[in-house]
Amino acid sequence: MSLKVLIDNCKKGNRQAQEQLYRQYSGILFGICLKYSRNKTEAEDNLHDSFMTIYEKIGQFKAQGSFEGWLKRITVNTVLQKYRKEEHLNIVSDNAEEVVEVDSEYSNIPLETLLQYIQELPNKYRLTFNLYVLDGYSHKEISSLLGTSTGTSKSNLARARVILKERIETEIAKAIIGILIIG
């Protein structure tokens, strides 16, 4: 079935087409949900909510641009809307902090470990970090998506980087101590 036919059938509420759409795109969209969620269970809930929104709004897709891009945008917006409703994005300060770069010596950290560290960040920092670093949004776009100021977006990004750097350094120090004790 072609993508156009699949979309048209989904617009008509065809359950088989919706199931095929889910099978075809759930992996990609789950990756996005996992990136913005605290854990796998929350990501699964966010994926479910995203597909419910996709099925509800598929009639609004006008085939002007990438369908996959539209699905990704719906997914990100669904997850962010959930966090806005839960008020996890309350901000303490709008002061932008100095940008902290993670040293290149940390580049050998496994991706799975780094993603775990990112997932453990507080919501406001995790969402800002993912939107800016992983998805390439500007601070202006992030502030609009999260309902904050651009200064807050910059501050949250800087704080996320500090937390990640401290976490990485702590884990490296533990590994070194372990080597010294065992060796």
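Which residue forms a salt bridge with aspartate 135? The partner is lysine 35, and the closest N and O atoms are 2.6 Å apart. A salt bridge here is a side-chain nitrogen of Lys or Arg within 4 Å of a carboxyl oxygen of Asp or Glu. The pair links distant parts of the chain, 100 residues apart: aspartate 135 sits in the loop between α6 and α7, lysine 35 in helix α2.

This is a predicted model, where local features need pLDDT of at least 70, side-chain atom pairs count only at pLDDT 80 or more, and totals for chains, interfaces and linings use all residues. Residues are numbered from 1 along each chain as its sequence is written, and side-chain values use heavy atoms, leaving out hydrogens and water.

**Salt bridges**

By this rule the count is 8 salt bridges. Three of them are tabulated here.

| Acid | Base | Closest N to O |
|---|---|---|
| Aspartate 135 | Lysine 35 | 2.6 Å |
| Glutamate 42 | Arginine 38 | 2.4 Å |
| Glutamate 68 | Lysine 72 | 3.2 Å |

Buried means under 20% relative accessible area, exposed over 50%, and partly exposed in between (1.4 Å probe, protein chains only). Lysine 35 counts as buried because its relative accessibility is 19%. Aspartate 135, at 32%, is partly exposed. Glutamate 42 is buried at 11%, while arginine 38 is partly exposed at 33%. Lysine 72 and glutamate 68 are 4 residues apart in helix α4, so about one helical turn separates them.

**Cores**

A nonpolar core is a set of buried Ala, Val, Leu, Ile, Met, Phe, Trp, Tyr and Cys residues joined through side-chain atoms within 4.5 Å. The largest has 29 residues; Leu21, Phe67 and Trp70 are among those with the most contacts inside it. Helix α4 (67-85) is one of its suppliers. In fact α4 gives the most to this core, 8 residues. Apart from it lies another core of 10 residues, including Ile109 and Leu164.

Helices are DSSP runs (H or I, at least four residues), and strands are E runs of at least two, numbered from the N terminus.

**Helix α8**

Helix α8 covers residues 150-182. Its 33 residues should span 48 Å at 1.5 Å a residue, and its end C-alpha atoms are 48 Å apart, which agrees. The expected span is 1.5 Å times one less than the number of residues. Buried residues of α8 include Gly151, Leu157 and Ile168. The buried residues of α8 pack against α5, α6 and α7, where contact means heavy atoms within 4.5 Å.
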